[in-house]
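Me: I would like to learn how to read the empty spaces and the ligand site of a protein model. Could you take me through one case step by step?

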Amino acid sequence: MAVGRGSFSSRFAAIMALAGSAIGLGNIWRFPYMVGQHGGAAFILLYVFFCVFLSLPVFFAEGILGKTSRLNPLGALRAKAPKWSWAGYMGILAAFVITSYYSVVGGWSLDYFIRSISRGFHGMTMEESAAVFHSITATSWEVLAVFVGFLGLTALIVLAGVEKGIGGFSKVMMPLLFVMMLLIVVRSLSLPGAGEGLNYLLKPDFSKIDGPAIASALGQSFFSLSLGVGCVLTYCSYMPEDENLFATGMWTALFDTIFALLAGFAVMPAVFSVSGLEPGAGPSLVFETLPVVFTKMGGIVPVVFFLAVLVAALTSSISMFEVVVAWLIDEKGMRRGRAVLLVFLAALALGAVCALAPKVFSACDFATSNIFMTLGALVFVIVIGWVVPKSEPFKEFSSSPSGARLFPVFWFLLKWICPIAIAAIAVTNLL
Ligand code: PHE
């Protein structure tokens, strides 16, 4: 083991850190509007189906690689399946690119959090709210300042190390995040007209389950569990050796799904309580529509909501940042401080370009979530399913009785279903 790698202090810290990586902007803004667009409860069922039968096996494959090698993505592949080590470089590159553009959106949430404290959103109309969002993203100094602020916060947490920084921050902030979200759900459900929002979210409409809905459900379940770029691999390499990976994975997926549903219950009833707002507004839902909703709620709700968005974004961005730092520490023998500084400066450069050039931003998003993540996931399942001896994954599963019982199912999914399904998606995405 490389000197200074660090490890999580407990099982709780490991689960909170993994849940922190999984729960992010994907849960808060992407999930609610996707559910609305693609048939409500029908989409939720499809999403849960993909989580269980494709994403969880990928999670375990990636986790097993990290936990048994106790290395970063490149080191792990080089040790277990040298022919596939190119995918390690790809994962690290993808994690770096996501860190850069994700921090731009993280910066927006920092901006909105500061605004909710200093100015509030009182009396704002939809046009005014759209104008605010537009002015933030179009004013170079402001968008850069909040981006640097967010990236700086990420770097500081990672600098504090695996145990105190990442583990410590996640242990405290994740339970708090759940409490904050619950408060908003209660407030949101008490608004007049909330029933309509619930209806939008929950009424199953199976006629809307078409090709795009299936692709979105699958893509979302991958993105939401942070798969394919080495975040799960790297975090699992910090897990206590005798830790039960099966239970950790189940808890992470469960928390991630519950949180996505909570975000849906927080957002949609609130949007519906204000007539004339567009629930399928997509990415602008959180930053344009919700401030208008908050004018109705007032008080502390907007502050709590944007703090929740900020915390969720931070616990995800530290997991991507850490992938690159772990590689520099393990493979280049760097000290943590130096590695953090280097990644910070490099992400500053790429992120600044993303912040100012929307085309570069979308290209980074497209390349990472449609190509790198799927290819990375494909390599992880091939290596665990076909390259390493079966005893390795079996050992990780058999440390718990339910894991041992479910191993044959996992093995079948991992060896046969996952590679075929993921390869099909990778090809569709590339066409
Ligand atoms: N899972 C995170 C979210 O839902 C995003 C993410 C993707 C984090 C890939 C790490 C790696 O927002």
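Reply: What follows goes from the enclosed spaces to the ligand and then to an open pocket. Please keep in mind throughout that this is a predicted model.

Me: How does one start to look for empty space, and how many cavities of 30 Å³ or more does a search of the whole structure find?

Reply: Rolling a probe the size of a water molecule over the atoms shows where empty space is left. In this case the search of the whole structure gives two cavities of 30 Å³ or more. The largest cavity has a volume of about 140 Å³, while the second largest cavity has a volume of about 30 Å³.

Me: What takes up the space of the largest cavity?

Reply: The cavities are sought with the protein atoms alone, and the space that is found as the largest cavity is the one taken by the ligand. Its lining consists of 17 residues, and those that lie nearest the centre of the largest cavity are Ser21, Tyr102, Phe223, Ser226 and Met320. At least two residues of this lining come from each of α1, α2, α5 (86–118), α10 and α14. By class, the lining of the largest cavity is made up of nine nonpolar and eight polar residues, with no charged residues.

Me: If I now start from the ligand instead of from the cavity, which residues come nearest to the ligand?

Reply: There are 16 residues around the ligand, and of these Ala22, Gly26, Tyr102, Phe223 and Ser226 come nearest. The shell around the ligand divides into eight nonpolar and eight polar residues, and no charged residue belongs to it.

Me: Which atoms of the protein lie at polar-contact distance from the ligand, for instance in Tyr102?

Reply: The cut-off to keep in mind is a pair of N or O atoms within 3.5 Å. For Tyr102, a polar side-chain atom lies 2.8 Å from an oxygen atom of the ligand, and for Asn27 an N or O atom of the side chain is 3.3 Å from an oxygen atom of the ligand. Ser224 takes part through its backbone, where an N or O atom lies 3.1 Å from a nitrogen atom of the ligand. On its own the ligand has 320 Å² of accessible area, of which the protein covers 100%. Two or more residues of the shell around the ligand are given by each of α1 (11–22), α2 (25–37), α10 (211–224) and α14 (301–332).

Me: And which residues line the second largest cavity?

Reply: The lining of the second largest cavity is formed by Ile184, Ala266, Val267, Ala270, Leu290, Phe294 and Phe305. Two or more of these residues come from each of α12 (245–273) and α13 (284–297), and α12 gives the most, with three residues. By class, this lining has seven nonpolar residues, no polar and no charged ones.

Me: How should I read an open space, and what volume does the second largest pocket have?

Reply: A pocket, in contrast to a cavity, is an open set of points. The second largest pocket has a volume of about 390 Å³. It is lined by 18 residues, of which Ala215, Gly219, Ser369, Asn370 and Asn429 are the closest to its centre. The helices α2, α10, α16 (358–387) and α18 (401–430) each supply at least two residues of the lining of this pocket, and α10 gives the most, with eight residues. By class, the lining of the second largest pocket has eight nonpolar, eight polar and two charged residues.

Definitions and conventions: Residues numbered from 1 in each chain as written. Predicted model: local features only at pLDDT ≥ 70, side-chain atom pairs only at ≥ 80, totals over all residues. Heavy atoms only, no water. Near = heavy atom within 4 Å. Polar contact = N/O pair within 3.5 Å; in protein donor to acceptor, adjacent residues only side chain to side chain. Areas by Shrake-Rupley, 256 points an atom, 1.4 Å probe, with all protein chains shown as cover. 1 Å grid on protein atoms, 1.4 Å probe; cavity = no way out; pocket = protein on both sides within 12 Å on 5 of 7 lines; lining within 4 Å. Sits in = over half its atoms within 2 Å of the grid points. Helix = DSSP H or I, 4+ residues; strand = E, 2+ residues; numbered from the N terminus. Nonpolar A, V, L, I, M, F, W, Y, C, P; charged D, E, K, R; others polar. Points joined across faces, edges and corners; volume = space filled by probe spheres on them.
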